[in-house]
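Take a moment to turn the model on your screen before reading on. We will walk through it together, beginning with how helices pass one another and then moving on to charged pairs and a few backbone details.

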Amino acid sequence: MADQDISRRQFLSASALLTAGAGLLSTSGFGFPAYIKNLGKPNSLFNGVQVGAITYSWRSLPGGAEDILKYCIDANISAIELMGPTGESFAGAPEGPKMPPWTGGKRPELTDEQKAAQAEHLIKMAEWRAKVPMDKFVQLRKMYNDAGVSIYAFKPSALGEKNTDQEVDYALRAAKALGANQATIEQPNDPAQTKRLGDIAAKNKVYVGYHGHTQQTPTWWDTALNQSKYNAMNFDMGHYVAAGFDPIPLIETKHDHIVSMHVKDRKNKENGGANVPWGQGDTPITAALELMRTRKYKFPATIELEYEIPAGSDAVKETAKCVEYAKKALGA
């Protein structure tokens with residue numbers, strides 16, 4: 001009986017503590033049911049800095065919408081830059097021709113038949129983009145949001161010089177339907193093209209974020225930025241280091257124009273420029289993240305996994321390591 005009395009008292013005590021805890025949660029404005037609902041969702045917002053990932057990081061794995069969402073949850077990623085094929089396939093885009101896989105980081109030379117099939121597919125895509133409703137993009141957004149993942153950027157192959165104005169308009173409307181404030185693209189060399197994109201972006205009130213590689217310089221974006229307030233920077237600090245520059249001064253001077261920033265670790269130009277695991281290169285990742293935290297910059301820091309995946313690991317595990325690196329750097 002004594003043991004039963006003790007067990008009963010322990011149960012009542014624990015129940016009282018649980019009830020009190022629920023009451024504290026409710027009075028704090030968070031409600032106990034809401035607390036339970038959010039358990040198990042990813043959270044890569046660390047001390048005010050949104051750490052995200054471009055889904056290109058998982059290019060070695062299946063790229064369906066459900067697949068990508070699972071990678072986000074497994075890697076604790078709560079915000080992403082979504083590559084076009086994942087979103088467009090979910091929305092019912094025509095299936096493209098099978099192309100040979102990249103080897104050694106290089107695109108293989110296509111045969112004449114493959115080139116013709118690709119050209120035919122681009123025509124079909126333009127026709128599809130011109131008339132596709134936004135319902136499926138909204139549905140994709142809801143599916144991700146319900147799981148705790150937001151989409152802040154969309155990168156379809158619809159913003160190039162050969163794409164029609166209708167396709168560009170589609171890309172920006174699709175970005176907005178996904179919940180993103182930007183569509184991203186490799187910055188064109190022709191100022192007329194950045195002017196065209198900026199004008200269409202202004203009509204949709206969605207930014208075009210221009211990405212670069214080792215051609216980036218401190219003034220590389222200036223022409224596009226001066227053409228439209230909706231022309232912006234999808235800055236890549238790793239490539240910038242490999243080009244021979246320090247990214248910290250650029251972030252400080254152009255932060256108002258940066259809508260997202262790719263984060264990777266590369267050796268600097270003098271050391272060969274290789275992509276390496278975080279912490280082994282010359283990119284000041286920790287300093288950049290600390291600057292974002294201190295200055296309260298609101299653009300996301302986008303993990304882009306480009307170093308060689310070690311034996312026994314995979315792209316999701318390596319992305320998760322980058323998340324933990326960023327979390328530690330931000331003191332979370």
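A crossing of two helices is called right-handed if the near helix is turned clockwise from the far one by less than a right angle, and left-handed if it is turned anticlockwise. Keep that in mind as you look at this model, which is predicted. In it, helix α3 passes α6 in a right-handed crossing. Which residues make the contact between α3 and α6? On the α3 side they are Ala65, Ile68 and Leu69, and α6 contributes Leu140, Met143 and Tyr144. Sorted by character, the residues of this contact come out as 6 nonpolar, no polar and no charged.

Two packed helices are described by the angle between their axes and the distance between the axes. For α3 and α6, which covers residues 135-146, the angle is about 25 degrees and the axes are 11 Å apart. Angles under 35 degrees count as roughly parallel, and that makes α3 roughly parallel to α6.

Before going further, it helps to step back to the whole chain. You can find 13 helices and 11 strands in it. Of the 332 residues in the chain, 44% are buried. Now consider contacts between residues at least 6 apart in sequence: 73% of them join residues that are at least 24 apart.

A second helix pair is worth visiting next. Helix α11 runs over residues 247-254 and helix α12 over residues 285-295; their axes come within 10 Å and cross at roughly 20 degrees. The two helices are therefore roughly parallel to each other. Here, too, the crossing is right-handed, with α11 passing α12. The residues in contact are Ile248, Ile251 and Glu252 from α11, together with Ala287, Ala288, Leu291 and Arg295 from α12. This set divides into 5 nonpolar, no polar and 2 charged residues.

Two residues of that contact deserve a closer look. The side chains of Glu252 and Arg295 meet in a salt bridge, with 3.3 Å from N to O. Glu252 belongs to α11 and Arg295 to α12, so this pair ties together parts that are 43 residues apart in sequence. Are these partners buried or exposed? Glu252 counts as partly exposed because its relative accessibility is 33%. Arg295, at 44% relative accessibility, is also partly exposed.

That pair brings us to salt bridges in general. How many salt bridges does the model have? The count comes to 17. One of them takes us back to α3, where the side chains of Lys70 and Asp74 meet with an N to O distance of 2.7 Å. Why are these two separated by about one helical turn? The reason is that Lys70 and Asp74 are 4 residues apart in helix α3, which spans residues 65-75. Lys70 counts as partly exposed, with 49% relative accessibility. Its partner Asp74 counts as partly exposed as well, at 44%.

Another salt bridge joins the side chains of Lys115 and Glu109, this time at 3.6 Å from N to O. Lys115 is partly exposed, with a relative accessible area of 40%. Exposed is the word for Glu109, because its relative accessible area is 66%. Elsewhere you can pick out a network of salt bridges that links Asp236, Lys264, Glu304 and Glu306.

Let us finish with the backbone. Asn47 is not a glycine, yet it has a positive phi of about 50 degrees. To find it, look in the loop between β1 (45-46) and β2 (49-54). Asn47 is partly exposed, at 44% relative accessibility.

Asn76 shows a positive phi too, of about 60 degrees, although it is not a glycine. Where does Asn76 lie? Its place is the loop between α3 and β3 (79-83). Asn76 is partly exposed, with a relative accessible area of 23%; buried would require a value under 20%. If you follow the chain back from Asn76 into α3, you return to the helix that passes α6 in a right-handed crossing.

How values were computed: Residues numbered from 1 in each chain as written. Predicted model: local features only at pLDDT ≥ 70, side-chain atom pairs only at ≥ 80, totals over all residues. Heavy atoms only, no water. Axes fitted to C-alpha atoms, helices over the stretch in contact; angles between N-to-C directions. Parallel < 35°, antiparallel > 145°, perpendicular 65-115°, else oblique. Contact = heavy atoms within 4.5 Å. Nonpolar A, V, L, I, M, F, W, Y, C, P; charged D, E, K, R; others polar. Salt bridge = Lys/Arg side-chain N within 4 Å of Asp/Glu carboxyl O. Buried < 20%, exposed > 50% of the residue type's maximum accessible area, 1.4 Å probe, protein only.
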